Amino acid sequence: MAKLKFEDIDKIKEKVRKETYVREGEAKAKITVHMGTCGIAAGARKVMSALMEAFEKQGIKEVILTTSGCAGLCSKEPMMTVEIKDQAPVKYISLTAEKALKILEEHALKGNIVKEFALAVGSETIA
Ligand code: FES
């Protein structure tokens with residue numbers, strides 16, 4: 001395998017940025033459910049299943065639903081991140097299916113942060 005050059009890293013970074021960014025006109029929000037081992041052990045599958053069911057039932061097209069690895073806070077799992085275009089991402093912690101559905105309705109679809117379940121907006125702590 002060829003050695004990576006700085007230009008390659010920049011290209012990869014740009015590609016990932018483009019793929020993960022909430023794209024104008026395609027979606028207004030993105031929900032990432034963190035599904036590392038600790039997330040799954042804490043119930044992330046139930047959170048994901050509830051969201052998938054809601055997307056299916058409600059025919060939601062304006063929100064991207066995706067998964068990633070752990071968010072780095074085992075004790076606060078299950079976690080998810082909600083991103084709205086041009087706003088700082090919000091991390092939600094200690095989720096249940098019910099909490100995740102409320103966050104989908106309120107934050108991802110209506111744009112209102114659900115502060116009671118949020119850990120932080122960007123790198124700032126809310127509570
Ligand atoms: S392994 Fe638990 S947060 Fe990464």
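Confidence varies along this predicted model: among the elements of the chain, helix α4 (residues 97-109) has the highest mean pLDDT, 97, while strand β6 (residues 124-125) has the lowest, 47. Where pLDDT is low, the predicted coordinates should not be read in detail. For the chain as a whole, the average pLDDT is 85, and 77% of the residues score at least 70.

A good place to begin looking around is strand β3, which spans residues 80-84. This strand is mostly covered, with four of its five residues buried. On one hand, β3 pairs with strand β1 (residues 29-34): the two run antiparallel and are joined by five bridges. On the other, β3 is linked to strand β4 (residues 90-92) by three bridges, again in an antiparallel arrangement.

If you would like one residue to follow through both pairings, try threonine 81. Its bridge partner on the β1 side is threonine 32, and threonine 81 also stands opposite lysine 91 in β4.

Now trace the chain from β3 into β4. These two strands form a hairpin, with five residues between them. In the turn you will find aspartate 86, whose phi is positive, at about 65°.

Finally, a look at the cysteines. The structure holds zero disulfides. Cysteine 38 has a relative accessibility of 21%, so it counts as partly exposed; the cut-off for buried is under 20%. Cysteine 74 counts as exposed because its relative accessibility is 54%, and exposed here means over 50%.

Key
Residues are numbered from 1 along each chain as its sequence is written. This is a predicted model: local features need pLDDT of at least 70, side-chain atom pairs count only at pLDDT 80 or more; totals for chains, interfaces and linings use all residues. Side-chain values use heavy atoms; hydrogens and water are left out. pLDDT is the predictor's confidence in each residue, from 0 to 100. A disulfide is a pair of cysteine sulfur atoms within 2.5 Å. Buried means under 20% relative accessible area, exposed over 50%, partly exposed in between (1.4 Å probe, protein chains only). Two strands pair if DSSP finds at least two bridges between them.
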